[in-house]
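Walk through this fold with me, one region at a time. Keep the backbone in view, then add the side chains and the ligand.

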Amino acid sequence: MDHYLTIAAQVQNFFKYDLIALPPEMVGKVLRIEVQISTLEPLSWLARQKSDVKTYWCDRQGNFTMAGVGTVATIDGDRPIDYPDIFGQLRQSLSLLFPHVRYYGGIGFSQSKSISPIWESFGNYRFVVPRFEILVRGLETFFACNFTLNSLPNLGHEIWETELATILDELARIDFSQQELPTELPLQIARLDRPNRVEWQRNIELALAKFNALNLDKIVLARRSTLTFTHNLQPQLLLRSLKPHNPHSYHFCFQIDPTTAFIGTSPERLYSRADRLLKTEAIAGTRQRGTSASIDRELGDNLRTSLKDIHEHELVVTNLRGVLTELCHSVTIDDESAILKLNKVQHLYTQCQGLLKSHLTDADILPKLHPTPAVGGFPRTPALKLIQELEPFERGWYAAPVGWVGYDDVEFAVAIRSGAIDRDRLFLFAGAGIVRGSQSAEEWAEIENKIRHYTDLFTDLPPQQIIDLSLA
Ligand SMILES: C=C(O[C@H]1C=CC=C(C(=O)O)[C@@H]1O)C(=O)O
Ligand SMILES: [Mg+2]
């Protein structure tokens, strides 16, 4: 039987037999039908769909993947971020009866209103429950259909019959074909860095000169590289090309209209919470990967013993220890940092966890953790103020919390190693922790390495033929 028939039959059965048993408090909640199906590659499936809004999330272990089409519930806004309000709104449509329903999305890096057109369309926060989802849990693949009802069947038959017809109609438009998709990406024709190398050096000197007066220990400064291509980029296909090269990374893609998306391959968890168990971590301090096993080990040893990187990392750990002690009991933090090996870079890595105090919620956790000194600085307030002064672009969702919110569990990544797609342009972001002793040339090389897994994909034209607009 093909996918459409299998799923349509289950949806009809649900409406016929199960709906009637739902308690009245389920009105307005997101309801869900899940059907196990044969294996599908979620990113390719998502790329084939006609929908304007597409959502993709894959956890770091690759144990859970969600590819979503359309929306049945959206929480978004331009107003300054009010965490209790946002989490309150999210919780309203989630229920214990359908624990697999999740909102996917993110909250902008800073509280200020967006002024650049691309970030304006994302808003200050935006979470959606997709209409249809492909889910991969371990080795099993599922198709899910989400919907809401304004009344239950015993209260008004016509309404749910109309809803059933709408779902079946939308389902018929889902493309389950295995038709091949292009593997070639558009050609890159230009690149513009803001700040450019000269401006970067000046920014770092300016920042370091203010450390004493502002009592700063660390500031994370970033760069936006605008890459221009011959054709529009297809977000899911770009992510599909990146994914096999990026172990131990979250993969995400939030496409909000046919030509605008935010994608990323972040190694960093902001936090996850399952019931009371809260997990977070410090990732800061960087070396490139070596070209051979012995060079790689040497670089790792160098990172492990570098006083500059240890300091850069410890500022994050100390901050997390303080926050966790405030929010949790039974706090445990790795005694020693480990080395996290990614594709092009390696980092110092410390895992932290605790049991959330019973009166606290995500609205208390998120603003305490975000932005950690791995993407903001330390102390937070003067670091953020100086970032705003020095960075010649808007961070938008770069380095922001992105992830999902379920009924009683949550996971947010830090949206680094990320980029915004606007038609034929890709805005890539990368930052580096600046502490006393930072050398601007080394930090420039570090941010270049942090986006290398993207830039290496676009190697069709020799670098000298890609127009560098940065010095113009
Ligand atoms: C801010 C970024 O990386 C952070 C995470 C890991 C290592 C970092 C560093 O060594 O500077 C940064 O703190 C980024 O990739 O844009
Ligand atoms: Mg660094």
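Pro371 sits in the loop that runs between helix H10 (362-369) and strand S18 (377-378). In this predicted model, the peptide bond joining His370 and Pro371 is cis, with omega about -10 degrees. A second cis bond joins Phe378 and Pro379, and there too omega is about -10 degrees. Pro379 lies in the loop between S18 and helix H11 (380-390). Most peptide bonds are trans, and most residues other than glycine have a negative phi.

Phi also has its exceptions here. His248 is not a glycine, yet its phi is positive, near 50 degrees. His248 belongs to the loop between helix H7 (235-242) and strand S11 (251-257). His248 counts as partly exposed because it has 13 C-beta neighbours inside 10 Å. Asp275 also has a positive phi, near 55 degrees. Its place is the loop between S13 and S14. Asp275 has 9 C-beta neighbours inside 10 Å, so it counts as exposed.

Now step back to the whole chain. It holds 13 helices and 23 strands. Its radius of gyration is 23 Å, close to the 23 Å that the globule rule gives for 472 residues, so the chain is as compact as a globular protein of that length. The C-alpha trace spans about 70 × 55 × 45 Å along its principal axes. Of the 472 residues, 42% are buried. Take the contacts between residues at least 6 apart in sequence: 78% of them join residues at least 24 apart.

Next, the ligand. Which residues come nearest to ligand 1? Of the 19 residues around it, they are Thr286, Ala374, Ile416, Gly431 and Gly433. Three strands each supply at least two residues of the shell: S10 (218-229), S14 (277-288) and S22 (425-435). By type, the shell divides into 10 nonpolar, 5 polar and 4 charged residues.

The UniProt record, an unreviewed entry, places its "active site" annotation on Lys218 and Glu268. Lys218 is part of strand S10. Is Lys218 buried or exposed? It has 25 C-beta neighbours inside 10 Å, and therefore counts as buried. Leaving out residues up to four places away in sequence, Lys218 touches Glu312, Leu315, Pro373, Gly377, Phe378, Ala383, Gly433, Ile434 and Val435. Among these partners is Phe378, the residue on the N-terminal side of the cis bond to Pro379. Another is Gly433, one of the residues that come nearest to ligand 1.

Glu268 occupies the loop between strand S12 (260-264) and strand S13 (269-274). Glu268 is buried, because 25 other C-beta atoms lie within 10 Å. With residues up to four places away in sequence set aside, Glu268 touches Ile283, Ala374, Ala413, Val414 and Ile416. Ala374 and Ile416 appear again among the residues that come nearest to ligand 1.

Move on to helix H12 (residues 440-450). Ser440, Glu443, Ile447, Asn449 and Lys450 are buried in it. Which elements cover these buried residues of H12? They include helix H6 (197-214), S10, S14, strand S17 (345-356), S22 and helix H13 (452-455). S10, S14 and S22 also supply residues to the shell around ligand 1.

S17 deserves a stop of its own. It runs antiparallel to strand S16 (residues 338-341), and 4 bridges join the two. A hairpin of 3 residues connects S16 to S17. Across the pair, Leu340 stands opposite His347 in S17.

Cys352 is also found in S17. It has 21 other C-beta atoms within 10 Å, so Cys352 is buried. Neighbours within four places in sequence aside, Cys352 is in contact with Thr280, Glu281, Leu320, Leu324 and Ile333. Cys352 and Leu324 are 28 residues apart along the chain, and their C-alpha atoms are separated by 8.3 Å.

Finish at helix H9 (residues 307-327), where Leu307 is found. Leu307 counts as exposed because it has 9 C-beta neighbours inside 10 Å. Its C-alpha atom is separated by 18 Å from that of Gly377, 70 residues away along the chain. Gly377 is one of the residues that Lys218 touches.

Terms used: Residues numbered from 1 in each chain as written. Chains lettered and ligands numbered in written order. Predicted model: local features only at pLDDT ≥ 70, side-chain atom pairs only at ≥ 80, totals over all residues. Rg over C-alpha atoms; globule rule 2.2 N^0.38 Å. Buried ≥ 20, exposed ≤ 12 C-beta atoms within 10 Å, placed from the backbone. Contact = placed C-beta atoms within 7 Å. Near = placed C-beta within 6 Å. Nonpolar A, V, L, I, M, F, W, Y, C, P; charged D, E, K, R; others polar. Pairing = 2+ DSSP bridges. UniProt positions renumbered as here; feature names shortened; annotations may be inferred.
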